[in-house]
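Here is a walk through one structure for someone meeting it for the first time. Have a look at it, then read on.

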Amino acid sequence: MPVIRTEQLTKIFRVVRKEPGLRGSLKALVRPRFENIAAVNQVSFEIDAGEIVGYIGVNGAGKSTTIKMLTGILVPTSGSVQVLGRDPHRQRVANAREIGAVFGQRTQLWWDLPFIESLALVGRIYEVPPARYRQLLKDFEDTLGLSELLHIPIRNMSLGQKMRAELAATLIHEPRVVYLDEPTIGLDLLAKERIRDFIREQNRGRGTTVLLTTHDLGDIEQLCPRVIIIDAGRLIYDGPIATIKERFGRHREITFETSEATTAIELPRDCTRLAAEPHRLTLRFDRTRTTASQIAAAVMEQIEVLDFSLAEPDLASIVRQIYQGGLREVEGNPRS
Amino acid sequence: MRRYLSLYGVFFVQRLKILMEYRVNFLIGATSTSFLQIGGVLAMWVVMRQIPSLNGWSFDEVLLVFGLVTISESITHMFADNLWTLGWQYIRSGEFDRFLVRPIDPLFHLLADRFCHDGIGNLLVGTALVVKAMSALHIPFTVATALYLVIAVLTGGAIFIALNLLTASSAFWLVDSIPVTFLVYNTYEFAKYPLTIYGRGIRIALTWLIPYGFASFYPASYLLGRNVGALAWMGPLVAVLFMSLAYRAWKFGLAHYTSTGS
């Protein structure tokens, strides 16, 4: 039985359309012109108990709006959403007891209170029995290293410490479903690792279902066997991450800085030229057909290279590629 | 209900811990409002030295009116101050969402989130004024009077909170509701004096429209043996009426928020 189910989930916002400048603002004030914008447009998916699903898309794609509907903060314009068999908005309180949510860089803790006091207050709000509360604190200790944080007020914490505190506070009532909005944003590698370990541990140990939004491909590669991609409010892909990586993550870009003009250069096999600047050469290649070192060798034979760099495709470019490829990807997937 | 009471206790204790972290801040906040009120009383005293009676009301009698409304104001100041900042502190920053993912009533959460110590000064000054006025006027302090005073002050506090809730609910549309709240709230300055000194329009407005009169003038009149008829007893009814109206406005605003997200 699915834990989360959305059917044709849609949220339309009515916004005032403004022309630029003071005149435009005044005009909008006197005679506002409204425009309907579908932030989430007929999105359907199901998530089973114990899954970790990456929910991705560029900024403004509709990720936060979807999560707000799943948590009961927003009411859908049309379509339906069910979490653990409930309507999250109509049965907001019952739903709230069983979910946890981390919203990006906002804190749900009290800025000036030492962390232990904030956590105790959260425990009381969710009515966590004292013995259970102590047990969970112990359980979280290993991965999150809470003991060094307990007496620090949130305002004095580093970003990484804050996120550890935030996660502990979100999971202290053992929610069955957790929504994590950018849990690793701005963190260094070590801190990211810690957060990912904790999410994995909660998922495996307690069977917590996790819906994760992120811009970090590393998060997705390490945590999410399945991803859902939305763009401009529409679901454009729902399926295994492996398929995406195979199909869209094969391309790399390599850039050379040269002392001489690069215009006359003969391109190595299996790559295409992207940028056309005199002292810079950017090539795109499929890493299943050739390698960076082969290309570098071929280029260096012909020209003096001062520097070079290799870029992996980022999420935004993958999403763009999928979008340009049309909805074929989604149709090819039995899940949706 | 019991759950919310004990939960309020927990919020309150945690809030005190924060306040104790900033002790100087606490002391300044808790006393600054009292200086403000004392200033107001002094100004009135200077005026009343020249005119021994204000439309038939002596200085001590006006003090009773002044004191009662000051205590009522202190209740909203202490327990409902977060209504002021609902817009820019919670809605604009998106922090309000935090209340909606928790299994408790969002209005309760908003109010319990911050006990405001600035109101303590007003409570002390108001109480001192009422005690001073009552002893100067030889009003016997019986069980019945004490009970009447408690009801009057709670009624006044409820009216203050209701009006602030009503105006604060506009934050769901305007985001910054402070000007609207300020406009209504500030009319309580009129209720520091006997309503009989004003014209009919203001008197009616302060009785039925923005009913601060029930927080000061009507109960004071009753205690002074001045006949105001049924109005001496109607306060609680008016408070309940305005409270339910304000709560509806809040619910309406909340529904707007959950459909627009702004």
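Is A:Gln42 buried, partly exposed or exposed? Since its relative accessibility is 45%, A:Gln42 counts as partly exposed. Keep in mind that what you see is a predicted model. A:Gln42 belongs to strand E2 of chain A, which covers residues 33-48. Its backbone has a quirk: phi is positive, about 50°, although A:Gln42 is not a glycine.

A:Ala232 has a similar story to tell. This residue is not a glycine either, and its phi is positive, near 50°. You'll find A:Ala232 in a loop of chain A, between strand E8 (226-231) and strand E9 (234-240).

**The layout of chain A**

Chain A is assigned two pieces: domain 1 takes in 2-246, and domain 2 takes in 250-311. Going by C-alpha atoms, the centres of domain 1 and domain 2 of chain A are 41 Å apart.

Now find helix H2 of chain A, residues 63-71. Eight of its nine residues are buried, so this helix is largely enclosed by the rest of the structure. Among the buried ones in H2(A) are A:Ile67, A:Met69 and A:Leu70, and the list also includes A:Lys63 and A:Lys68. After H2(A) comes A:Gly72, with a positive phi near 95°.

**Where the two chains meet**

How many residues of chain A are in contact with chain B? The count is 29 residues of chain A, in contact with 30 residues of chain B. Between them, the two chains bury about 2,600 Å², and 56% of that is on carbon and sulfur atoms. On the chain A side, A:Ile73, A:Arg92 and A:Ile125 lose the most area to chain B, together making up 23% of what that side buries.

Charged side chains play a part here too: five salt bridges are counted between chain A and chain B. One of them joins A:Glu117 and B:Lys17, at 2.7 Å from N to O. B:Arg3 forms a salt bridge with A:Glu127, with the closest N and O atoms 3.3 Å apart. That pair crosses from helix H1 of chain B (residues 2-21), home of B:Arg3, to the loop between helix H4 (115-125) and helix H5 (130-144) of chain A, where A:Glu127 sits. B:Arg3 is partly exposed, with a relative accessible area of 24%. A:Glu127 is partly exposed as well, at 41%.

**Salt bridges inside chain A**

Over all chains, the whole structure has 31 salt bridges. Here are a few pairs side by side, some between chains and some within chain A.

| Pair | N to O distance |
|---|---|
| A:Glu117 and B:Lys17 | 2.7 Å |
| B:Arg3 and A:Glu127 | 3.3 Å |
| A:Arg200 and A:Asp197 | 3.1 Å |
| A:Arg289 and A:Asp270 | 3.5 Å |

Let's take the last two pairs in turn. A:Arg200 and A:Asp197 are both in helix H7 of chain A (residues 189-206), and because they are three residues apart, about one helical turn separates them. A:Arg200 is buried, with a relative accessible area of 18%, while A:Asp197 counts as partly exposed at 32%.

And what about A:Arg289 and A:Asp270, whose side chains meet in a salt bridge at 3.5 Å? A:Arg289 lies in the loop between strand E12 (280-286) and helix H10 (292-302), and A:Asp270 in the loop between strand E10 (251-258) and strand E11 (271-277), so the pair ties together parts of chain A that are 19 residues apart in sequence. A:Arg289 counts as exposed, at 57% relative accessibility. Its partner A:Asp270 is partly exposed, with a relative accessible area of 31%.

Salt bridges can also link up into a group. A:Lys192, A:Glu193, A:Arg196, A:Asp216 and A:Asp219 are linked in such a network.

**A nonpolar patch on chain B**

Which residues make the nonpolar surface patch of about 500 Å²? They are B:Phe35, B:Ile38, B:Leu42, B:Trp45 and B:Val46. To find the patch, start from B:Phe35, which is in helix H2 of chain B, residues 23-50. B:Phe35 counts as exposed because its relative accessibility is 60%, and the cut-off for exposed is over 50%.

How values were computed
Residues numbered from 1 in each chain as written. Chains lettered and ligands numbered in written order. Predicted model: local features only at pLDDT ≥ 70, side-chain atom pairs only at ≥ 80, totals over all residues. Heavy atoms only, no water. Patch = residues over 30% accessible without salt bridge, like charges linked within 9 Å, V, L, I, M, F, W, Y side chains within 5 Å. Areas by Shrake-Rupley, 256 points an atom, 1.4 Å probe, with all protein chains shown as cover. Salt bridge = Lys/Arg side-chain N within 4 Å of Asp/Glu carboxyl O. Helix = DSSP H or I, 4+ residues; strand = E, 2+ residues; numbered from the N terminus. Buried < 20%, exposed > 50% of the residue type's maximum accessible area, 1.4 Å probe, protein only. Domains from an automatic or database assignment. Contact = heavy atoms within 4.5 Å. Buried area = accessible area lost by both parts, 1.4 Å probe.
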